[in-house]
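Reader: I am new to this structure and would like to look closely at one part of it. Please take me through that part slowly, and then show how it sits among its surroundings.

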Amino acid sequence: MGSWSFFFPEGASTTSGSVDALYFFLVAVSVFFGVLIAVLLVVFAIRYRRRSDDERPAEIHGSLPLELVWTLIPAGIVLIIFLWSAEVFFTLHRVPKDAMQIHVVGKRWMWKLQHMTGQREINELHVPVGVPVKLTLTSEDVIHSFFVPAFRIKKDAVPGRYNTIWFQATKPGRYHLFCAEYCGTKHSGMIGWVHVMEPARFQGWLSGAVAGASLASAGERLFNDLACVTCHRADTGARGPALDGLFGKPVKLANGSVMSSRFQPISERSLAPARRPIVRYQPI
């Protein structure tokens with residue numbers, strides 16, 4: 001689409017076509033009636049202007065056919081918009097039964113995502129092409145809004161409740177992910193990417209396959225890429241605890257309790273509490 005895509009991104013989901021069609025219809029109706037009213041205003045102002053001080057306009061008793069026309073036509077257009085919008089709305093909110101489920105937590109200022117198979121991501125989401133994906137969203141602090149322009153989906157992540165939205169990508173690629181709700185000073189930096197992959201490549205990603213790298217080196221690269229090292233450095237001035245050598249070992253906390261450092265994926269049932277994070281420590 002060239003430079004036009006800067007203002008209007010290409011559609012990459014099964015519902016983007018219907019959303020775009022409704023949008024262009026609304027724009028066309030608005031432009032048509034805006035231009036019509038402006039032209040008629042100018043024409044009537046010139047044609048029916050007062051030409052002398054003693055001129056008296058003729059009495060107008062009205063026209064029933066004319067009044068019916070300018071009442072029924074707008075009513076019909078509004079009814080079309082309502083029915084069309086309702087169809088698009090229900091399509092966007094009726095999640096297919098076989099949809100792949102992903103949990104999303106908004107937090108200032110990042111998106112934390114977890115697949116039902118346990119894989120966790122920050123500000124990135126990997127999904128297969130041609131497969132419906134259901135997102136269950138919540139927030140740990142303030143209202144955020146999960147927005148992927150190429151998929152034409154946007155849904156608020158609200159503290160204390162869970163919202164759902166779904167999409168089905170139609171073409172592989174990398175697509176922008178934004179927070180569309182002002183959430184604080186670093187709102188503009190709460191961005192990420194949705195990676196749409198071929199099914200075979202996605203299965204390789206799920207299994208943790210990284211070409212030319214061991215799991216340890218791939219984990220180290222991810223740790224650095226996500227800037228985890230900024231808080232979890234090994235020196236004493238770090239904001240968070242050092243994580244070297246902790247995996248699989250018990251950790252004693254400040255209150256004296258002992259926790260396992262082996263992360264466990266959560267289940268659908270465990271999402272009931274309002275502020276429970278996607279990944280948590282389990283007592284041993």
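Reader: Which residue in β5 does V104 stand opposite?

Author: In this predicted model, V104 stands opposite L137 in β5, and that contact is a good place to begin a closer look at the sheet. Strand β1, which covers residues 100-107, has six of its eight residues buried, so β1 is largely enclosed by the rest of the structure. Along one side, β1 pairs with β5 in the parallel sense over seven bridges. β1 also pairs with strand β2 (residues 110-115), here in the antiparallel sense over six bridges, and in that pairing H103 stands opposite Q114. The two strands β1 and β2 make a hairpin, with two residues between them.

Seen as a whole, the open sheet has five strands in the order β3-β2-β1-β5-β8, and their pairing is mixed. Its edge strands, each paired on one side only, are β3 (120-122) and β8 (163-168), while neighbouring strands are turned by 25° against each other on average, direction ignored. In general, strands of a sheet pair through backbone hydrogen bonds, either parallel or antiparallel. Strand β5, residues 132-139, pairs with β8 in the antiparallel sense over six bridges, and L135 has I165 of β8 opposite it.

From the sheet, one can follow the charged side chains outward. The salt bridges come to three. One of them joins E140 to K112, with the closest N and O atoms 2.8 Å apart; this pair links distant parts of the chain, since E140 is in the loop between β5 and β6 and K112 is in strand β2, 28 residues apart. Both E140 and K112 are buried.

A second salt bridge brings together the side chains of R152 and D20, at 2.7 Å from N to O. Here R152 belongs to the loop between β6 (144-148) and β7 (153-157) and D20 to helix α1, so that distant parts of the chain, 132 residues apart, are linked. R152 and D20 are both buried.

The remaining pair is E10 and K171, whose closest N and O atoms are 3.4 Å apart. Because E10 lies in the segment before α1 and K171 in the loop between β8 and β9 (173-179), this salt bridge ties together parts that are 161 residues apart in sequence. E10 counts as partly exposed, at 39% relative accessibility, and K171 is likewise partly exposed, with a relative accessible area of 32%.

Note on methods
Residues are numbered from 1 along each chain as its sequence is written. This is a predicted model: local features need pLDDT of at least 70, side-chain atom pairs count only at pLDDT 80 or more; totals for chains, interfaces and linings use all residues. Side-chain values use heavy atoms; hydrogens and water are left out. Two strands pair if DSSP finds at least two bridges between them. Helices (H or I, at least four residues) and strands (E, at least two) are DSSP runs, numbered from the N terminus. Axes are lines fitted to C-alpha atoms, for helices over the stretch in contact, and angles run from 0 to 180 degrees between N-to-C directions. Buried means under 20% relative accessible area, exposed over 50%, partly exposed in between (1.4 Å probe, protein chains only). A salt bridge is a side-chain nitrogen of Lys or Arg within 4 Å of a carboxyl oxygen of Asp or Glu.
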